[in-house]
Amino acid sequence: MSTTGQNSKLISAQTVAEHNSRESCWIIVSGKIYDVTDFMDDHPGGSKIILKYAGKDATVEYDRIHPPDALSTHLAPEKFLGLVDPKTIIKVEAQMSEEDKARAQRKSSLPPLSEILNLHDFEAIARLVMHERTWAYYSSAADDEISTRENHAAYHRIWFRPRILRDVSTVDWSTTILGQPSSMPVYISATALGKLAHPDGELNLTRAAGNHGVIQMVPTMASFTFDEIVDATKQGQAQFLQLYVNKDRNITKKLVQHAEKRGIKGIFVTVDTPQLGRRERDMRMRFANQDPTEVPQNTPQDRERVQKAANVVNSFIDPALNWNDIPWFQSITKVPIVLKGVQCWEDAFEAYDRGLAGVVLSNHGGRQLEFARSGIEMLVEVTQHFKQKRGITFPNDKFQLFVDGGVRRATDVIKAVALGATAVGLGRPFLYASAYGQPGVERAMQILHDEFEMNMRLLGARTIKDLVPEMVDASSIHSHIVAVPDDRLYSANYESMQHARLRELKSKL
């Protein structure tokens, strides 16, 4: 903010300390003082963590999760009050709870990466060593979480038809995505708040992607600034930008044009989020992290507070976004534009007719509309209709189809590619791998490479171009009640949702 310059007002820490309640809550971050009273109910992590630092220096906790510009982005300029006198700062002594001590003990017992054999293993370890709030946020999905489970189960309704007696002494699974080379038909899909998993957050993904020739999609809601993530790339490393469209189109225009100047190779506009889905696992954890004296009752004011807390992102995402805005996007950038979150063939046709570069067939990881179909099922529908109604087959360089959601194996990716996808996005698996830091993300990528090599040979496919529809049987993809093999590893990692429970009463004596 421009108000944080040398002429900012100096305020003593003692004055800040007087504002330590819900009625008046000030915090110090990096020497700057902010009034967060009105933001408390909107905070995605609940009010409890803010009140813990009310009137104190919250820099360490803030830096653990947020990008440097988060406060200036989400708070009105007048909420910046001035600079704190550095001689008077009161710091909160770090105290580990029994829960944190137990988690630290589990972290000290991490198995070596050589014992991590698949992406399911990363998820199992992440569940044990990540903070409960982090796990709830990353793993949560809409309503009863049926769509998120269907995303994975849908791949089990597709079977292979391998070819034999082909020379597969050398196999090559490299490809190009929007004209950019990739070592495999996989990209890192955008996921918010990477620092929750590891202090280096999205930078782990950036650096690992650069080392393995994989393209990273930079999220709008990252834990690091856009420039920090781009600055972490290697020479020639390609990145895409995931874009939530701001109600203030000037903000969106500046971000898109800045991204283009920094070398971004594709803009993926998220179109399935006119508001956030109801993610009850995350909501229940947020209740647990509220100030105990501020337990919501069933008053209109408290219902509004809960809704605001659940939908903090809605404050800047534009629900009025529509097809008539596409020409405006095309006018502000020359970078290929892809719509992320298309869920039927009709909208895929519309995107094609409007000259877009492609679509991501996705239900947002099952986090938005419950009972939205899986990306892989949408892919079968879209390719069939393009072929029948337009005579267009895929993969197609003019209009590329992408899929995300539920992928845990290279065989999942291979099925999607055989059915016409250019590439597949993986989000959560790389977040879980980042519990090990950058080495974990690199191990995850190496696992996928090893799986690609083996399965390409066993299928009789020498290159990506050999992965054709005839290599798979997707005849049951639309049968949602057909019996499928139970993926025991996936099911073991899935944590059942919980009912509301009686609160544990703690004596104040």
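A residue is counted as buried when its relative accessible area is under 20%, as exposed when it is over 50%, and as partly exposed in between. On this scale, and in what is a predicted model, Glu-495 is partly exposed, with a relative accessible area of 29%, whereas Arg-281 is buried at 12%. These two residues form a salt bridge in which the closest N and O atoms are 4.0 Å apart. Because Glu-495 lies in the segment after helix H20 (488–493) and Arg-281 belongs to helix H12 (residues 280–288), the pair ties together parts that are 214 residues apart in sequence.

The structure holds 24 salt bridges, among them one between the side chains of Asp-38 and Lys-79, with an N to O distance of 3.0 Å. Asp-38 is found in the loop between strand E3 (32–35) and helix H2 (47–52), and Lys-79 in the loop between helix H4 (70–74) and strand E4 (80–84), so that this salt bridge links parts 41 residues apart in sequence. The two partners fall into separate accessibility classes, since Asp-38, at 55% relative accessibility, counts as exposed, while Lys-79, at 19%, counts as buried; the latter assignment follows because the limit for a buried residue is set at under 20%.

A further salt bridge joins Arg-157 to Glu-150, with 2.7 Å between the closest N and O atoms. Here Arg-157 counts as buried at 4% relative accessibility, and Glu-150 is likewise buried, its relative accessible area being 15%. Both residues belong to one network, in which salt bridges that share partners join Glu-150, Arg-157, Arg-373, Glu-377 and Glu-381.

With regard to the strands, a closed barrel of eight strands runs in the order E8-E9-E10-E11-E12-E13-E14-E15, and its pairing is parallel. Within this sheet, neighbouring strands are turned against each other by 30 degrees on average, direction being ignored. In general, strands of a sheet pair through backbone hydrogen bonds, in either a parallel or an antiparallel manner. Strand E8 (residues 186–188) and strand E15 (residues 423–426) pair in the parallel sense over three bridges, and Ile-188 has Leu-426 in E15 as its bridge partner. On the helical side, helix H9 (residues 201–212) lies across E8, strand E9 (215–218) and strand E10 (239–243), and the helix runs at about 155 degrees to E9.

Methods:
Residues numbered from 1 in each chain as written. Predicted model: local features only at pLDDT ≥ 70, side-chain atom pairs only at ≥ 80, totals over all residues. Heavy atoms only, no water. Helix = DSSP H or I, 4+ residues; strand = E, 2+ residues; numbered from the N terminus. Buried < 20%, exposed > 50% of the residue type's maximum accessible area, 1.4 Å probe, protein only. Pairing = 2+ DSSP bridges. Axes fitted to C-alpha atoms, helices over the stretch in contact; angles between N-to-C directions. Contact = heavy atoms within 4.5 Å.
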